[in-house]
Amino acid sequence: MNIGQIPLAEWINSGVDWLSQFTGFFNSVTIFFQVIIDGIQWAFDFLPQWVFILVVLALTYWVKRGQKKISFMVFEVLGLLLIWNLGYWRDMTQTLTLVLSSSLIAIVVGIPLGIWMAKSSRAEIVIKPILDFMQTLPAFVYLIPAVSFFGIGMVPGVLASVIFATPPTVRMTNLGIRQVPSDLIEVADSFGSTSWQKLIKLQLPLAKTTIMSGINQTMMLGLSMVVIASMIGALGLGTQVYFAVGRNDAGAGFAAGIAVVIVAIILDRITQSFNKTSK
């Protein structure tokens, strides 16, 4: 018995073609994303390199209060000076723009979705498979519709990063709220707290550590997309790595890769410190 092949690819192409008709909507989304990207990039371009380094050191000193910080601050200075010396400063700020803008959007979308999942078991049943799909689908696949709908540049790169990096924030927000002890919820109910009051004054503060862990994962996943996003025109250190691969230039590739590692370590340690100071 012969069973015909399911025309899945044709169905998906038809769906993409149908969605492509809504150019006004996608242009509006592009403008919205571009405003965020341009605002963050303008802030980085406005700051001289030495002022940027001082801002990073001041932020580190503030978030690591009560923790060992001198050795890490020395690493930050040496790492950022190395990136500056290698000529990757502009690429680094473009990479930070991609990571911060995608992380900001992922957090704004992810935390409310996580709260909704924690409050509604039906929502959790529906959203969980979608999150599984978003996390397991190869990241390269996101580039195809992103280019179809938004063209080439930073915007489709940010969009692909948002899709790839949002699930940890959603999952950890849901987990953190569900882990709030039931006896504390009962005490809040006994004092006549509304659902909003319980959420703002009890559940979110107690879930803050877990939520911050999700945000940390989101930023790291966003950073992991920089090389992939460079394939569709997203600028930054990923572009330098991509070009080095095309030229078979191991030296340039490793130099740009080390710059990515430095940025990743700084972002990871700072967000982890936010988590520790929130306890």
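The following questions and answers discuss a predicted model of one protein.

Residues are numbered from 1 along each chain as its sequence is written, and side-chain values use heavy atoms, without hydrogens or water. Because the model is predicted, local features need pLDDT of at least 70 and side-chain atom pairs count only at pLDDT 80 or more, while totals for chains, interfaces and linings use all residues.

User: How many helices and strands does the protein have?

Analyst: Helices (H or I, at least four residues) and strands (E, at least two) are DSSP runs, numbered from the N terminus. From the N terminus on, each element in the order is α. The count is 13 helices and zero strands.

User: What percentage of residues 92-271 is helix?

Analyst: The UniProt annotation "domain: ABC transmembrane type-1", from an unreviewed entry, covers residues 92-271. UniProt positions are given in the numbering used here, feature names are shortened, and annotations may be inferred rather than shown by experiment. The end C-alpha atoms of this span lie 18 Å apart, its strand content is 0%, and its helix content is 88%.

User: Are helix 2 and helix 8 roughly parallel or roughly perpendicular to each other?

Analyst: The axes of helix 2 (residues 23-46) and helix 8 (residues 154-178) come within 9 Å and cross at roughly 95°. Axes are lines fitted to C-alpha atoms, for helices over the stretch in contact, and angles run from 0 to 180 degrees between N-to-C directions. Angles under 35 degrees count as roughly parallel, over 145 as roughly antiparallel, 65 to 115 as roughly perpendicular and the rest as oblique. Helix 2 and helix 8 are therefore roughly perpendicular.

User: Which residues does Phe52 touch, not counting residues up to four places away in sequence?

Analyst: A nonpolar core is a set of buried Ala, Val, Leu, Ile, Met, Phe, Trp, Tyr and Cys residues joined through side-chain atoms within 4.5 Å. Phe52 is among the five members that touch the most others in the largest core, which has 48 residues. With contact meaning heavy atoms within 4.5 Å, and leaving out residues up to four places away in sequence, Phe52 touches Phe44, Leu47, Leu80, Trp89, Met92 and Leu96.

User: Is Phe243 buried or partly exposed?

Analyst: Phe243 is found in helix 12 (residues 237-247). Buried means under 20% relative accessible area, exposed over 50%, and partly exposed in between (1.4 Å probe, protein chains only). Because its relative accessibility is 42%, Phe243 counts as partly exposed.
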